[in-house]
Amino acid sequence: MQAFPASGRVPAGAGASPRAPKRNVNAVLLHPATKPLLFVLALVPFGSLLWGAVANTLGANPAEALIRGTGDWTLRFLCLTLAVTPLRQWSGWHALARLRRMLGLFTFFYGCWHFLAFAWLDMGFDLQAILKDIAKRPFILVGSAALLLMTPLAATSFNRAVKALGAARWQALHRLVYGIVLLALLHFFWMRAGKNDFGEWSVYAAIVALLLGWRAWRALRAARAKPVAQRPGASLTS
Ligand code: HEM
């Protein structure tokens, strides 16, 4: 049985059922306008930063505001992407899954702008200076690794790539996202360590711990629920 109707329409009498709120949220998520709306919403931070740069309202150091602003939004979209599965499993809003690819691609979009802002405004597009800085400052190296690892995920986020790779290989590749989020947190931690300012970082670290902790707990529960014979390493004689 499907968890929600493919048509996106709420069946008659759904309002009377205790599951109605869940079904209503799924119906809203399945509405044809939801994806375009999310697309526009996801562009708001970009528009706001761009407008700030044009109107010169980004404060005393606009270059720093642009680099930091795009970095913040890369991390926020990464957390949002990672939140889809736990939220879907916890709430029963299964239609959230159809928004995950767009959130992931916006993570990459903001990551690319973050790198471009750094390469342009801090380094003047001097490739040698960029490479030197990556080698010299560990937090830049770690951020670069995170963005580099994100590239194959963005490139294979389309249906044709899923088909070409096969579901198992595609899933294995996309597990890189856990490494990416840990590198992103390390990048942010290292950057703030110089100023001994970990307030904001702690909030992101707590969110990531909760999201990854949820997945680990579900995986452990599923492994325990398997009959002993199906567990890896189990044999008839042990
Ligand atoms: C997944 C990839 C990345 C994420 C999630 C990320 C995230 C962040 C975050 C959250 C900040 C702090 C913003 C703030 O203070 O409010 C930041 C700062 C910064 N990041 Fe990244 N970043 C990534 C990749 C990169 C890359 C590839 C570079 C350059 C090669 C880079 C260079 C910088 C610089 C220069 C700063 C500002 C440092 C400062 O103002 O002192 N980041 N990043």
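Analyst: A helix here is a DSSP run of H or I at least four residues long, and helices are numbered from the N terminus. The model under discussion is predicted. Just after helix α2, Asn56 takes a positive phi of about 55°.

User: How many helices and how many strands are there in the protein chain?

Analyst: The protein chain has 10 helices and 0 strands. Its pattern, followed along the sequence, is therefore written α-α-α-α-α-α-α-α-α-α.

User: Let us take α2 itself. How does its reach from first C-alpha to last stand against the span expected at 1.5 Å a residue, and which residue holds a kink?

Analyst: Helix α2 covers residues 34–55, which is 22 residues. From its first C-alpha to its last it reaches 31 Å, close to the 32 Å expected at 1.5 Å a residue. At Val44 there is nevertheless a kink of about 35°, shortly before the proline Pro45.

User: α2 also contains Phe39. Is Phe39 buried, partly exposed or exposed?

Analyst: The reasoning rests on a count of other C-beta atoms within 10 Å: a residue with 20 or more is buried, one with 12 or fewer is exposed, and one in between is partly exposed. Phe39 has 13 such atoms, so it is partly exposed. In space, Phe39 and Phe106 are 8.7 Å apart, C-alpha to C-alpha, although 67 residues separate them in sequence.

User: Which other residues, besides Asn56, have a positive phi without being glycine, and where do they lie?

Analyst: Phe125 is one of them, with a positive phi of about 55°. Phe125 sits in the loop between α4 and α5 (127–136). It is exposed, because there are 10 other C-beta atoms within 10 Å. Asn196 is another case, and its phi is near 55°. The loop between α9 and α10 holds Asn196, which counts as exposed because it has 6 C-beta neighbours inside 10 Å.

User: What follows that loop, and is α10 largely buried or in the open?

Analyst: α10 has 27 residues and reaches 39 Å from first C-alpha to last, close to the 39 Å expected at 1.5 Å a residue. The number of its residues that are buried is 2, so α10 lies largely in the open.

User: What share of the whole protein chain is buried, and which residues have the most contacts inside the largest nonpolar core?

Analyst: Of the 238 residues in the protein chain, 19% are buried. The largest nonpolar core has 28 residues, and Leu78, Ala146, Ile180, Val181 and Ala184 have the most contacts inside it. At least two residues of this core come from each of α2, α3, α4, α6, α9 and α10 (199–225). Val181 offers a worked case: once its neighbours within four places in sequence are left aside, it is in contact with Leu78, Leu82 and Val208. For the protein chain, 59% of the contacts with a separation of 6 or more join residues 24 or more positions apart.

User: What does Ala161 touch, and is it buried, partly exposed or exposed?

Analyst: Ala161 belongs to helix α7, residues 159–165. Not counting residues up to four places away in sequence, it touches Ala155 and Thr156. Ala161 has 13 C-beta neighbours inside 10 Å, so it counts as partly exposed.

User: Finally, which residues come nearest to the ligand, and which element gives the most to the shell around it?

Analyst: There are 24 residues around the ligand, and Arg68, Gly71, Gly143, Ala146 and Ala184 come nearest. Two or more residues of the shell are given by each of α3 (62–91), α4 (100–122), α6 (138–155) and α9 (176–193). α3 gives the most, with 8 residues. Sorted by class, the shell has 13 nonpolar, 7 polar and 4 charged residues. Ala146 and Ala184 thus appear twice in this account: they are among those nearest the ligand and among those with the most contacts inside the largest nonpolar core.

Terms used
Residues are numbered from 1 along each chain as its sequence is written. This is a predicted model: local features need pLDDT of at least 70, side-chain atom pairs count only at pLDDT 80 or more; totals for chains, interfaces and linings use all residues. A residue is near a molecule or strand if its C-beta atom, placed from the backbone, lies within 6 Å of it. Ala, Val, Leu, Ile, Met, Phe, Trp, Tyr, Cys and Pro count as nonpolar, Asp, Glu, Lys and Arg as charged, and the others, Gly among them, as polar. The expected span of a helix is 1.5 Å times one less than its number of residues. The bend at a residue is the angle between axes fitted to the seven residues ending there and the seven starting there. A nonpolar core is a set of buried Ala, Val, Leu, Ile, Met, Phe, Trp, Tyr and Cys residues joined through C-beta atoms within 7 Å. Two residues are in contact if their C-beta atoms, placed from the backbone, lie within 7 Å.
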